[in-house]
Amino acid sequence: MSIKEDVLKAMRDAGEPVSAGEVEKLTGLERKEIDKAFKELKKEEAIVSPVRCKWQPAN
């Protein structure tokens with residue numbers, strides 16, 4: 001699985017909007033990798049932010 005897929009899976013499993021720090025705890029990935037994945041997912045409109053600094057899958 002790619003890092004983006006891992007991040008999305010962690011977000012879906014959480015069932016609520018999560019921050020990058022929470023994704024880091026859930027996946028064990030490095031923060032730099034998570035931030036890069038967030039940037040790409042935002043550009044693809046795959047994630048949305050319902051609450052400031054927290055993200056969830058768009059679908």
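## Helix 2 against helix 3

The crossing that helix 2 makes with helix 3 is right-handed, and it is described here from a predicted model. Helix 2 spans residues 20-27 and helix 3 spans residues 31-43, and their axes, which come within 10 Å, cross at roughly 120 degrees. Because angles of 65 to 115 degrees count as roughly perpendicular and those over 145 as roughly antiparallel, the two helices are therefore oblique to each other.

The contact is built from A20, G21, V23, E24 and T27 on the side of helix 2, which meet R31, I34, D35 and F38 on the side of helix 3. Sorted by class, the residues in this contact of helix 2 with helix 3 are four nonpolar, two polar and three charged.

## A20, a residue of that contact

A20 lies in helix 2, and with a relative accessibility of 8% this residue counts as buried, because the term covers values under 20%. When residues up to four places away in sequence are not counted, A20 touches R31, I34, D35 and F38, and each of these four belongs to the part of helix 3 that meets helix 2. As for its position relative to the beginning of the chain, A20 is 18 residues from S2 in sequence, and the C-alpha atoms of A20 and S2 are 17 Å apart in space.

## Helix 1 against helix 2

Helix 1, which covers residues 3-14, also approaches helix 2, since the axes of helix 1 and helix 2 come within 10 Å and cross at roughly 100 degrees. That angle makes helix 1 roughly perpendicular to helix 2.

On the helix 1 side of this pairing, D6, V7, A10, M11 and A14 meet V23, L26 and T27 of helix 2. By class, the contact of helix 1 with helix 2 has six nonpolar residues, one polar residue and one charged residue.

## The nonpolar core

In soluble globular proteins, nonpolar side chains tend to be buried together. In this model the largest nonpolar core has 13 residues, and those with the most contacts inside it are V7, M11, V23, I34, F38 and I47. Helix 1, helix 2 and helix 3 each supply at least two residues of this core, and the largest share, four residues, comes from helix 3.

V7 shows how parts of the chain that are separated in sequence come into contact: leaving aside its neighbours within four places in sequence, V7 is in contact with V23, L29, I34, A37, F38 and L41. Of these partners, V23, I34 and F38 are, like V7, among the residues with the most contacts inside the core.

## Residues in the loops

E16 is placed in the loop between helix 1 and helix 2, where it counts as partly exposed at 49% relative accessibility. Not counting residues up to four places away in sequence, E16 touches M11 and W55. The C-alpha atoms of E16 and A58 are separated by 12 Å, although these two residues are 42 residues apart along the chain.

Two further loop residues have a positive phi without being glycine. E45, in the loop between helix 3 and strand 1 (47-51), has a positive phi of about 60 degrees, and E45 is exposed, with a relative accessible area of 64%. C53, in the loop between strand 1 and strand 2 (54-57), has a positive phi near 70 degrees, and C53 is likewise exposed, with a relative accessible area of 55%.

Definitions and conventions
Residues numbered from 1 in each chain as written. Predicted model: local features only at pLDDT ≥ 70, side-chain atom pairs only at ≥ 80, totals over all residues. Heavy atoms only, no water. Axes fitted to C-alpha atoms, helices over the stretch in contact; angles between N-to-C directions. Parallel < 35°, antiparallel > 145°, perpendicular 65-115°, else oblique. Left-handed = near helix turned anticlockwise from the far one by under 90°. Contact = heavy atoms within 4.5 Å. Nonpolar A, V, L, I, M, F, W, Y, C, P; charged D, E, K, R; others polar. Core = buried A, V, L, I, M, F, W, Y, C linked by side-chain atoms within 4.5 Å. Buried < 20%, exposed > 50% of the residue type's maximum accessible area, 1.4 Å probe, protein only.
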